[in-house]
Amino acid sequence: MAKIDALRRYLLPCFFPPTATATASSAAPKKRLSTSLRDDVETTTNGYPTDDQDSPSTTPDSVTPKFCTAATAIVAPPRPSKTMVIGTIFGHRRGHMWFCVQHDRLRTKPFLLLELPILTHQLVNEMRFGLVRIALEYNGVELGFCPLRSIPIWAMSCNGRKLGFAARKKGGDPVRSMLKTMQSTTVGAGVIPSGFGSDSEEIMYMRANYEHVVGSADSESFHLINPDEYPGQELSIFLLRSRNG
C-alpha cells in the first residue's frame with residue numbers, strides 16, 4: 001500500500017486540483033489543443049534582383065550568362081508535425097512500467113505499446129523531482145529505413161541514466177481489456193484490479209493527453225500536457241534513431 005500511496009501522492013496532483021475528484025475529472029470536458037500547434041515564427045524569404053533591375057557589374061553589351069538565383073536560395077526546413085494523443089503509463093506495483101499510446105480512447109488497439117525496463121518505484125522516485133526525460137535510442141543500419149515505431153528494441157535511458165532495453169509489444173487481450181476499462185477516463189491516475197500478465201496483481205496507471213511531435217523520419221517525441229490548473233509535472237519520451245551503425 002505504501003507504493004500505491006506514493007503513486008497517488010505524486011501522480012494525482014499532476015492532473016487534479018486539491019478539491020477535484022477522479023469522478024469530476026473524467027466527466028469534465030476535454031481540453032483539446034490545436035492539432036496543428038504551429039510555431040509562431042514567420043518564414044521570411046531572401047529578395048533577389050529582378051530582370052528589370054540594373055546591376056553595377058554588368059553592361060548592356062555583356063555576354064556573361066545569368067545564373068538562376070534559386071540555386072542560392074535558402075530552403076527552410078520542414079516544420080515538425082504535432083498532434084495530440086492519449087498516453088497511459090501503467091504496470092504492476094512490483095513490475096516494469098509500460099507506455100501505451102492511443103489516438104482514440106474508445107479504440108482498444110494501441111497505436112504504440114512499449115515495455116520499459118524501469119520499475120514502478122523507480123519511476124515514482126524520478127517523478128518526485130517534477131522532471132522526467134526518457135530517451136529510447138536505436139543505433140544501426142539494419143533498420144535504418146523502416147518506420148520508426150516498428151523498431152522492436154530500444155536502448156533506454158531516464159534522466160541521463162542508462163537502464164536497459166525497451167521492447168515494442170503488440171496489444172494482446174489483457175492489454176485491450178485493461179484499456180477498455182479505462183475508456184471513460186481521459187485524464188487520471190490510480191489503481192485497478194486486472195489479470196494483466198500471468199497473475200492477478202493490481203495495476204497502477206497514469207493517463208493523460210500527450211503532444212506527439214514528429215520531427216523527422218528518425219525522431220519522434222511524446223510530451224505530457226498538464227492541465228492549466230496544475231502544471232506541476234514534466235514528462236517526455238523521445239524516440240531517436242541514428243544510422244551511423
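These legends accompany close-up views of a predicted model.

**View 1. Phe 99 meets Tyr 210.** The two ring centres lie 5.6 Å apart with the planes at 70°, so Phe 99 and Tyr 210 form an edge-to-face pair, since an angle over 60 degrees earns that label. Phe 99 belongs to strand β2 (residues 96-102) and Tyr 210 to strand β8 (residues 203-216), so the contact ties together parts 111 residues apart in sequence. Both Phe 99 and Tyr 210 are buried.

**View 2. Phe 99 meets Phe 222.** Here the centres of Phe 99 and Phe 222 are 5.7 Å apart and the planes stand at 65°, so this pair is edge-to-face. It links distant parts of the chain, with Phe 99 in β2 and Phe 222 in strand β9 (residues 219-224), 123 residues apart. Phe 99 has a relative accessible area of 1%, while Phe 222 has 0%; both count as buried because the cut-off is under 20%.

**View 3. One aromatic cluster.** Step back a little and you will find Phe 99, Tyr 210 and Phe 222 together in one aromatic cluster.

**View 4. Strand β2 and its neighbours.** Six of the seven residues of β2 are buried, so the rest of the structure largely encloses this strand. Strand β1 (residues 81-92) runs antiparallel to β2, joined to it by six bridges, and a hairpin of three residues connects β1 to β2. Look for Gly 91, whose bridge partner in β2 is Met 97. Strand β3 (residues 112-119) also pairs with β2 in the antiparallel sense, over five bridges. Our familiar Phe 99 stands opposite Leu 114 of β3.

Methods
Residues are numbered from 1 along each chain as its sequence is written. This is a predicted model: local features need pLDDT of at least 70, side-chain atom pairs count only at pLDDT 80 or more; totals for chains, interfaces and linings use all residues. Side-chain values use heavy atoms; hydrogens and water are left out. Rings of Phe, Tyr and Trp (its six-membered ring) pair if their centres lie within 6.5 Å; planes under 30 degrees apart count as stacked, over 60 as edge-to-face and the rest as tilted. Helices (H or I, at least four residues) and strands (E, at least two) are DSSP runs, numbered from the N terminus. Buried means under 20% relative accessible area, exposed over 50%, partly exposed in between (1.4 Å probe, protein chains only). Two strands pair if DSSP finds at least two bridges between them.
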